Amino acid sequence: MQIHEVIRLTGLTKKAIEYYIGQGLLSPAVLENNYRNFDDSDVNRLKQIAVLRRLGLSIPEISDALSDGTRAVLSHICTEKELLLQKEQKKRTLLGQLCRDGDYDTAAAALAALEQNSSISERLLHAFPGYLGRYLCLHFSAYLQDPAATAEQEAAYRDIIRFLDEMPTPQFSPAVCALLDEMNAQCTDAQMSGISDITDTLRQCAADPTEFLTSHQNAIDTWLAFRQTKEYQNSPLSEFQSVMQDFCQTSGYYDIFLPAMERLSPSYAAYRRLLAAADDALLRNHPALAGKAAASTAAAFAQSGASLMPAPAQTASSSASGGSAPAPDCAGKEAP
């Protein structure tokens with residue numbers, strides 16, 4: 001079909017269509033008379049481009065998204081834009097505060113903390129695969145609200161940035177890569193908001209492990225039982241968790257990143273102390289949790305879950321975690 005028909009079907013201007021062609025987003029056939037001959041796939045691609053442009057994606061982002069058949073790129077872009085939106089909302093709040101009190105020193109300190117938070121969160125998102133990167137960047141963001149005020153905190157911040165920039169990429173089998181692709185494709189807004197629920201559950205567990213254990217006994221027991229099944233042990237999820245746990249042990253995640261986070265953030269250090277106490281309490285009641293991950297982390301995820309297990313294996317653990325499987329086993333021998 002000729003370009004005037006494409007214009008009618010897509011609602012795009014001739015100039016826009018030619019621009020997208022020039023940017024390499026589509027390549028319609030060219031006839032002997034040098035006229036372009038568009039087909040249905042070209043029209044469909046232009047409609048997709050139009051939607052992505054209206055959603056605010058750049059040309060490079062659109063190119064990456066259209067080249068990816070798993071929607072993993074779209075999920076990644078979505079998380080990046082969510083982080084950017086949070087940053088802009090905080091800036092608007094700071095501007096409003098500055099209008100009211102005129103305190104530029106306080107505003108400068110708050111902006112320094114915001115930039116520090118963004119630097120670490122963005123690196124976590126890029127350093128770890130898929131859903132795990134999203135969980136970690138949103139989880140740690142809660143403990144990065146204050147600027148580095150001492151020389152020790154500044155040094156810790158530099159250690160974190162250097163670690164994340166130099167950290168090698170985990171290596172996965174084709175089966176685990178397929179699982180990660182499916183996890184990304186299924187990472188809906190509801191699941192992203194569920195990350196906050198998981199973090200809240202971890203805090204509840206750390207604050208009062210005895211009450212948490214009593215309230216969620218059935219979920220924890222069911223999840224522990226599922227971990228003993230062949231279905232779980234032979235699943236890509238089990239392999240993923242094992243690879244990530246080994247990776248974190250050898251990459252410096254435990255020995256460099258987490259200690260640096262404690263030096264940088266007093267609130268995170270306090271959280272880790274509470275979580276360690278929670279682990280002791282939970283391990284007394286659930287010794288089966290020992291040697292896998294932090295007891296409190298595994299228990300919290302058994303209750304709230306992180307939507308990591310796609311169907312059909314999902315059904316076997318649905319009673320333990322609402323159709324999901326715990327992620328922190330792959331994030332640390334201690335809670336993240």
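The following exchange discusses the helices, nonpolar cores and selected contacts of a predicted model.

Reader: To begin, how many helices and strands does the protein have?

Author: The protein has 18 helices and two strands. Please bear in mind that the model is predicted.

Reader: What share of the residues is buried?

Author: Of the 336 residues in the protein, 46% are buried. The accessible surface comes to about 16400 Å², and carbon and sulfur atoms account for 51% of that surface.

Reader: Which residues have the most contacts inside the largest nonpolar core?

Author: They are Ile 120, Leu 124, Phe 128, Phe 140, Tyr 253 and Phe 257, in a core of 42 residues. Helices that give two or more residues to this core include α6 (104-127), α7 (130-141), α15 (253-264) and α16 (266-285). The element that gives the most is α15, with seven residues.

Reader: And what does Leu 124 touch?

Author: Setting aside residues up to four places away in sequence, Leu 124 touches Gly 133, Leu 136, Cys 137, Phe 140, Leu 164 and Phe 257. Apart from the largest core lies another one of 20 residues, with Ile 21, Val 43, Leu 46 and Ile 77 among them.

Reader: Back to α15, then. At what angle do the axes of α15 and α16 cross?

Author: The two axes cross at roughly 120° and come within 5 Å.

Reader: Why are α15 and α16 described as oblique?

Author: An angle of 65 to 115 degrees would count as roughly perpendicular, and one over 145 as roughly antiparallel. The crossing of roughly 120° belongs to neither range, so α15 and α16 are oblique to each other.

Reader: Which residues meet there?

Author: From α15, Leu 258, Met 261, Glu 262 and Leu 264 meet Pro 266, Tyr 268, Ala 269 and Arg 272 of α16. The residues of this contact comprise six nonpolar, no polar and two charged.

Reader: A change of topic: where is Tyr 20, and is it buried or exposed?

Author: Tyr 20 is in helix α2 (residues 14-22). Tyr 20 counts as buried because its relative accessibility is 7%, and the cut-off for buried is under 20%.

Reader: What is Tyr 20 in contact with?

Author: Leaving aside neighbours within four places in sequence, Tyr 20 is in contact with Leu 12, Leu 25, Leu 26, Leu 46, Ile 49, Arg 53 and Ile 59. Of these, Leu 46 is 26 residues from Tyr 20 along the chain, and their C-alpha atoms are separated by 8.3 Å.

Reader: For the whole protein, what percentage of contacts join residues at least 24 apart?

Author: Among contacts between residues at least 6 apart in sequence, the figure is 71%.

Methods
Residues numbered from 1 in each chain as written. Predicted model: local features only at pLDDT ≥ 70, side-chain atom pairs only at ≥ 80, totals over all residues. Heavy atoms only, no water. Core = buried A, V, L, I, M, F, W, Y, C linked by side-chain atoms within 4.5 Å. Buried < 20%, exposed > 50% of the residue type's maximum accessible area, 1.4 Å probe, protein only. Helix = DSSP H or I, 4+ residues; strand = E, 2+ residues; numbered from the N terminus. Contact = heavy atoms within 4.5 Å. Areas by Shrake-Rupley, 256 points an atom, 1.4 Å probe, with all protein chains shown as cover. Axes fitted to C-alpha atoms, helices over the stretch in contact; angles between N-to-C directions. Parallel < 35°, antiparallel > 145°, perpendicular 65-115°, else oblique. Nonpolar A, V, L, I, M, F, W, Y, C, P; charged D, E, K, R; others polar.
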